[in-house]
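Please look through the structure shown below and follow its main parts one after another. The paragraphs after it move from a single helix to the wider packing, a sheet, and some aromatic rings.

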Amino acid sequence: MSSSPWIAITVIENLPLKEGRTLHWKGLDIALFNLGTRVVAVENKCPHMDGPLVDGIVSTFEGRITVTCPLHTRRICLESGQTLKPATDGPCVRTFPAKIVDGLVLLQENTTLDVI
Amino acid sequence: MKQRLAVIGNGMAGVFCVEQILKHNHNFDITIFGDETHVNYNRILLSSVLAGEKEVDDIVLNDIDWYKQNGIQAKLGLRIDKIDLANKTIHSVQGCTTSFDKLLIATGSSPFLPPIGGIDKQGVFVFRTLDDAKHLLALSGAGVKAVVIGGGLLGLEAARGLQLQGCDVTVLHLGTHLMDRQLDFTGGQFLKRKLESLGIAVRCNAVTTAFTGDAHVEGVTLNDGTQLPANLVVVAAGIKPNSGIAKIAGLDVNKGILVNEYLETSHPDVYAVGECTEFEGQLFGLVAPLFEQGKVLAASITGNRGPVFTGYTPATKLKIMGADVFSAGDFDDMREGVECVRLEDPSLGIYKKLILRNNKLEGVILVGDASDDHRFMDWLRNGTDLTEQRRNLLSPAASAGLGEDAAALPDSHTVCGCNGVSKGAIIEAIHNQGLCTLAQLKDKTRAATGCGSCAGLCQSLLKAVSPDYAEEKAKVLCSCVPFSQDQLREIIRSQKLKGVQEVLDIYGNGIGCEVCKPALSYLVDVVWLGDHDEDRSARFINDRVHANIQKDGTFSVIPRMRGGVTTPAELRKIADVAEKYNVPLVKVTGSQRIDLLGVKKADLPGMWADLGMRSGQAYTKGVRMVKTCVGSTFCRFGTQDSIATGVELERRLEDLFTPHKTKLAVVGCPRNCAEATVKDIGLIGQEGSWQVVVGGAAGKGVRKADLLITVETTEEALDASALFFQYYREHGVYLERTYDFVERLGMEKVRRDTVYAADDVKQGLLDRLQKSKDRASDAWLERDNPRPYQFAPIEVPNDGLVQIQMQEKAHV
């Protein structure tokens, strides 16, 4: 399986620390978070009621980094996309591999979940 | 005839001893000699003075009236340099001679000065006396490079104090880890990390070889050749007993003045107490054993020889908020036959270690959380068998058990080590003075007013003993930062923290969550009157984009319309904007304003610009609006000008944050058309006066507001509102509405602390409100200076940013 190419989307200065920024790319609505040492990217849609995760507060739950949905305070794991609080077996949000190289934020389409 | 008792030393040990002697049936004329010019003060709180947490007056233990009332002669600024045992006289440097029948030596200790070249330069200090603290305070400040030699208790407290004064501080420590006499290596590492997160640089294994500079110190040289710049140096490399004059006089002295279990020296009429003494090879550098000694000595010297001093279990407490350390007993876990129970929580920076032998505690180390220290200390002192508790040794005593825990302590147990207050004294005060809150207890006994670490135990004693015990609300804010909001306000203020992340890094788990971050955002704002480091990532989305998020992720826009007054031109603009941006719903709100609902985030700045109106703050925990009735402007029944007054009230308070939303109303007559009696703050006009009411509610519950005050003029009514408003800002718990606030505090207290407070208190509230107001501005002006992608999304073509992509390829 060949992995998708890394795509440059912005410079890291455009992502303030721990404050979400929205990315429109390939018709997708993505929430980007600069966590200081790395960037994470998840689909901008809470599995619960479609809340905009990009507007959430970065939080933590049992040692994992989460974002709290602004609508009903669901805590979504920024690594796995799972809803951790309240614990649920429901759907995960889609996550995208992201990295910072020389001050540029690079994103990769997640091949395993690619539905396009 | 009365006997003459001379006391050399006017410090904590000597004066405590005299206090104890006064409790006995004594027959002494007492004279105390002190080489400092100050009355007896609490030396262990000097670091709090240096840190700016306490004023000099706050740490005075015995003021001059105490000496007078007890018929004690105080000879201050006199240094005794000779004791003549044959003639029973003492002599001062200044040349005066005093005869005695009994002599008490309480000369304390001096800082140990290591033989380092240049140690006599200007700018090199020790930290022992109030004058030392004053000198350090005078020289410290922003940009000053301070080096502290010695990473022990005193050195670290001095370092924190200097840092809080704005200095860049480096601690140089000879040993492999900090507080190496009280902590193992791991504990030292935990402490080092805590201090580094506070912004103090720490170097261990650092051997200082010289202080450089001309007359004044300019730098420090280490043995590995490192040069550190330094304008200020504090040497805290240990202490040595002041036993020199006793030795010259011919008393038996080893390192300290040798005393027996009755605190008698080798001369029958001479006693010694405190850090100048040595008992069975033990030397003393902490306050708790001095209190024990003082009680024994007082009995011995007044002819009640009976109680004996049996030495003490060494116990140390570091008083740096957030970097608490407690250590007692022998913590060496390599010894034969001992077991070690440990807890390490790196994210909260908590380290606990217990050393047990045969189910009894032999040693304990606590770093990062020393709130449970008294429990361990009791186990250690009493040799408690811990078989029953083995499963939860490290978990704090359950709150129900706390009372019993406290009940089990002997009356003589020193609860407050800083001020030497025993359990017995606290219980007596609770009974005799009818105390029922911690605040009262602090006020009457001074317990828990030092480092505050015994507050929990005091609380338990109150609970167990006081029939009218009133629990103070001390719910912790959140598990991310487990302190009450009162504690957090105090931490933010005293530790000079201006940003949410700083608080979380030092006192919490470094990350926070949607519960604590908005609360901390509020607290730093209100403590620093708006002069804080604003961190939008810690704010709820509403306060990042100044609009109220709706169920579909769109926002609502409500412009300010002071007093509910508008104009045709304004209405026209609103209509134009609603059409231009295809606003799906326009609605008149319950608070006399107009709401534009269903707005896209990206459209917000454009709409604000087109409206040209101020933010109505309808999205935040802040000042919402002042609703008004028509009043005397048009109404046939109006007695006061409610519109003008309401507009002015809104103008004075708008743009500020409050613990929860604040809704106000002004009505021109008691018919109350704008419902002032169910608002957080309401003004009710009547013929010739205004009623100012507070704490009303018309939400989930309905509560009629309480009368704050009735005043004659509009200006007085506005001032009364402002006083209550700022008081609520300063004392309300985040997310506490005024109706809960006034019930929690009681209207009597609210009135006493606001409208009936002393003039300077009232002026203080108004000044702080004004300062916050001066720094506040209309949030919607941010449209002119948005931060990157604050409102609009980042739009990227399918194949990414072409230019950037090429740069990227160059790196592959």
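The buried residues of α14(B) pack against a set of neighbours in chain B, namely the helices α5, α15 (500-507), α16 and α21 together with the strands β29 (476-478) and β30 (481-484). In this predicted model, helix α14 spans residues 485-494 of chain B, and its buried residues are Q485(B), L488(B), R489(B), I491(B), I492(B) and S494(B). The spacing of such residues can be understood from the fact that an α-helix has 3.6 residues a turn, so residues three or four places apart point the same way. After α14(B) comes K496(B), which has a positive phi near 55°.

One of the buried residues of this helix, L488(B), is also in contact with L520(B), and, leaving aside neighbours within four places in sequence, L520(B) further touches L477(B), V481(B), V500(B), V503(B) and L504(B). L520(B) and V481(B) are among the residues with the most contacts inside the largest nonpolar core, which has 67 residues, and L156(B), L162(B), L191(B) and L195(B) are listed with them. Helix α16 (residues 516-527) of chain B gives the largest share of this core, eight residues. A second core, separate from this one, has 49 residues, including C17(B), I21(B), A106(B) and V253(B). In soluble globular proteins, nonpolar side chains tend to be buried together.

Which strands make up the open sheet, and in what order? There are five of them in chain B, arranged as β9-β16-β10-β11-β12 with parallel pairing. The strands β9 (124-126) and β12 (201-203) of chain B stand at the edges with a single partner strand each, and therefore one side of each has no neighbour in the sheet. On average, and with direction ignored, neighbouring strands of this sheet are turned by 20° against each other. Further in, strand β10 (residues 145-149) and strand β16 (residues 232-235) of chain B pair in the parallel sense over four bridges, and one bridge joins A146(B) to its partner L232(B) in β16(B). Helix α5 (residues 153-164) of chain B lies across β10, β11 (168-172) and β16 of chain B, and it runs at about 170° to β11(B).

The aromatic rings offer another way to trace the packing, and there are 15 aromatic pairs over all chains. F16(B) and F291(B) form a tilted pair, with 4.5 Å centre to centre and 55° between the planes. Because F16(B) belongs to helix α1 (residues 12-23) of chain B and F291(B) to helix α8 (residues 287-301) of chain B, this pair ties together parts that are 275 residues apart in sequence. F16(B) counts as buried at 8% relative accessibility, and F291(B) is buried with a relative accessible area of 4%. The rings of F724(B) and F741(B) are edge-to-face, because their centres are 6.2 Å apart and their planes stand at 65°. This pair links helix α21 (residues 714-731) of chain B, where F724(B) lies, with helix α22 (residues 738-745) of chain B, where F741(B) lies, so that parts 17 residues apart in sequence are tied together. Elsewhere, F279(B), F284(B), F309(B) and Y312(B) form one aromatic cluster.

Finally, there is the matter of confidence. Chain B averages a pLDDT of 91, and 96% of the residues score at least 70. Over residues 398-403 of chain B, however, the pLDDT is below 50, and this stretch has three contacts in the model beyond near neighbours in sequence. Where pLDDT is low, the predicted coordinates should not be read in detail.

Definitions and conventions
Residues numbered from 1 in each chain as written. Chains lettered and ligands numbered in written order. Predicted model: local features only at pLDDT ≥ 70, side-chain atom pairs only at ≥ 80, totals over all residues. Heavy atoms only, no water. pLDDT = per-residue confidence, 0-100. Contact = heavy atoms within 4.5 Å. Core = buried A, V, L, I, M, F, W, Y, C linked by side-chain atoms within 4.5 Å. Buried < 20%, exposed > 50% of the residue type's maximum accessible area, 1.4 Å probe, protein only. Helix = DSSP H or I, 4+ residues; strand = E, 2+ residues; numbered from the N terminus. Pairing = 2+ DSSP bridges. Axes fitted to C-alpha atoms, helices over the stretch in contact; angles between N-to-C directions. Phe/Tyr/Trp six-rings, centres within 6.5 Å; stacked < 30°, edge-to-face > 60°.
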